[in-house]
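Visitor: Please take a close look at one part of this model, the place where the two chains meet. I would like a connected account of it.

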2 protein chains.
Amino acid sequence: MEVIEGIADLKRERRHLKEPVGFVPTMGYLHEGHMSLVRRAKKENSTAIVSIFVNPTQFGPKEDLDKYPRDVPRDLEMLEKAGAEIVFTPMAQEIYPEGFCTWVDVEKVTENLEGAHRPGHFRGVATVVAKLFNLVEPTRAYFGQKDAQQVVVIKRMVGDLNMGTSIVVCPTIREWDGLAMSSRNSYLSIQERRAAPVLYRSLLLGRKLWEQGERNPDDIRKEMAGLIEKEPLASVSYISVADPETLAEIDTIKGKALVSLAVNIGKTRLIDNITLGE
Amino acid sequence: MEVIEGIADLKRERRHLKEPVGFVPTMGYLHEGHMSLVRRAKKENSTAIVSIFVNPTQFGPKEDLDKYPRDVPRDLEMLEKAGAEIVFTPMAQEIYPEGFCTWVDVEKVTENLEGAHRPGHFRGVATVVAKLFNLVEPTRAYFGQKDAQQVVVIKRMVGDLNMGTSIVVCPTIREWDGLAMSSRNSYLSIQERRAAPVLYRSLLLGRKLWEQGERNPDDIRKEMAGLIEKEPLASVSYISVADPETLAEIDTIKGKALVSLAVNIGKTRLIDNITLGE
């Protein structure tokens, strides 16, 4: 496994890699969710490249950029064991040099959900992913369904800008009690960690209601919110029942629906989702 | 020469082209300015690809999209003679399909000059060039210095987004009387055409003043405006003396300076520029 920090080094190395190339962009502090993407990238390609970059432009001014968890030595050990060929760990000043002023702006699908609560977040995500795609030139790139809106935004960007990379979406990986794996879970106290599975439990309740024939998103949201409110450490940011492609809220569930939510557990904002009708 | 309209056909063809590939994006209605780019692309690469696409997103609502001059049969004849290998003539609905919502936004260098007078223009330019670069995957792309701000914006975008294409800037090609070649010159009446060289004459006056030691942009602009105002059919939109890279207006000319202007000749908006200190 080769660890590459500089852009020029990456470009030089890129010329000699065996095609096809699978790419997993991450912010590090890896967990089983990331590793499932890396394994899939290994399996489907001749070369697997992983990037570790805590992208400053996708954090809001009041968000957790400075305290975002980092442990690159451990990440590298995990990636070595998983058989990644290349790990790209660029410095922020090389990704965003002085005078940087170009942004990839995906509209419409960024208006709701996380986009509504985190202004500028998806502009930062789309811009850094576009940059990484241009540098890594992957055949396929792997993203987790846990960040459902991110997946929609990236797919939209790739299609709209005619990028040559295929986007592969992998299932959310969960802890034994249903909590979706996330680097931010490390912020939780023991009490908060015990409360956190309420997100997934509320999603399962939503699915159960739908399976019982409920097609009114208002009723589903109300039941889900009721469940979450019983948990004293949890407070709902939003619960959404939306079209999986446009992310517009649905009046009556007919085909597929993306049920997603954000919940603050103490001071930690967690998100999760399931798709109905798949 | 092969004329390709569909994106899928272009992608299929692209795989078999001899590298390196030179690319000249145009809006058609070709003139010697374009042809100088095509010849340079031929000379420096194994394959020359030219696109003809009147990009709707770079026109403002009150601008000349509908009446922009078009003559594709003549364009193809000129390109055939010049030895272009591939001409890409996509349809607007394939470049901007329903639901399209991703934009490349270059900030700062788009705030002044044309950007200030044509809101959204450079967002449309940057977006379509990004799309075309992703489709054509050129080794080098050729642009005319006549559109000085466009060159700065494209270079900025390519650098900021780590695109793998080199930008080659070619000198402005002029008519015998100094008028910079432009498809929009076809809008001019005989009287207006006679008045139009005033842009270049004012630029030459600016250069002469600078050669005589003038370093105050205000004085240069004043003299240039005075010359243009003597021409009854001409009215100045702006005259700028700016840093060639940031496009910020200069207080005192020290190193290089981009002198650029936009002038309405009747109802036709023309632009031109020269660089001092090169």
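Guide: In this predicted model, the contact between the chains involves 22 residues of chain B and 22 residues of chain A. On the chain B side, at least two residues each come from β5 (102-106), α6 (121-136) and α7 (148-160). The biggest share of that side belongs to β5(B), which gives five residues, the most of any element. Sorted by class, the side of chain B that touches chain A is made up of twelve nonpolar, six charged and four polar residues.

The strand β5(B) also takes part in pairing across the chains. Its partner is β5 of chain A (residues 102-106), and the two run antiparallel, joined over five bridges. One pair can be named here: A:W103 has B:D105 in β5(B) as its bridge partner.

The arrangement of the copies can be described by a superposition. Chain B falls on chain A after a rotation of 180 degrees, with 0.0 Å of shift along the axis and an RMSD of 0.0 Å. The two copies are therefore related as by a two-fold rotation axis. As for where that axis lies, the residue of chain B that comes closest to it is B:V104, whose C-alpha is at 2.3 Å. Both copies use the same surface, since 100% of the contact residues of chain B recur in chain A.

Taken with the strand ranges, this places B:V104 within β5 (102-106) of chain B, the strand that pairs with its counterpart in chain A in the antiparallel sense.

Notes
Residues are numbered from 1 along each chain as its sequence is written. Chains are lettered from A and ligands numbered from 1 in the order in which they are written. This is a predicted model: local features need pLDDT of at least 70, side-chain atom pairs count only at pLDDT 80 or more; totals for chains, interfaces and linings use all residues. Two residues are in contact if their C-beta atoms, placed from the backbone, lie within 7 Å. Helices (H or I, at least four residues) and strands (E, at least two) are DSSP runs, numbered from the N terminus. Ala, Val, Leu, Ile, Met, Phe, Trp, Tyr, Cys and Pro count as nonpolar, Asp, Glu, Lys and Arg as charged, and the others, Gly among them, as polar. Two strands pair if DSSP finds at least two bridges between them. Copies are superposed by least squares on the C-alpha atoms of residues with pLDDT of at least 70 in both.
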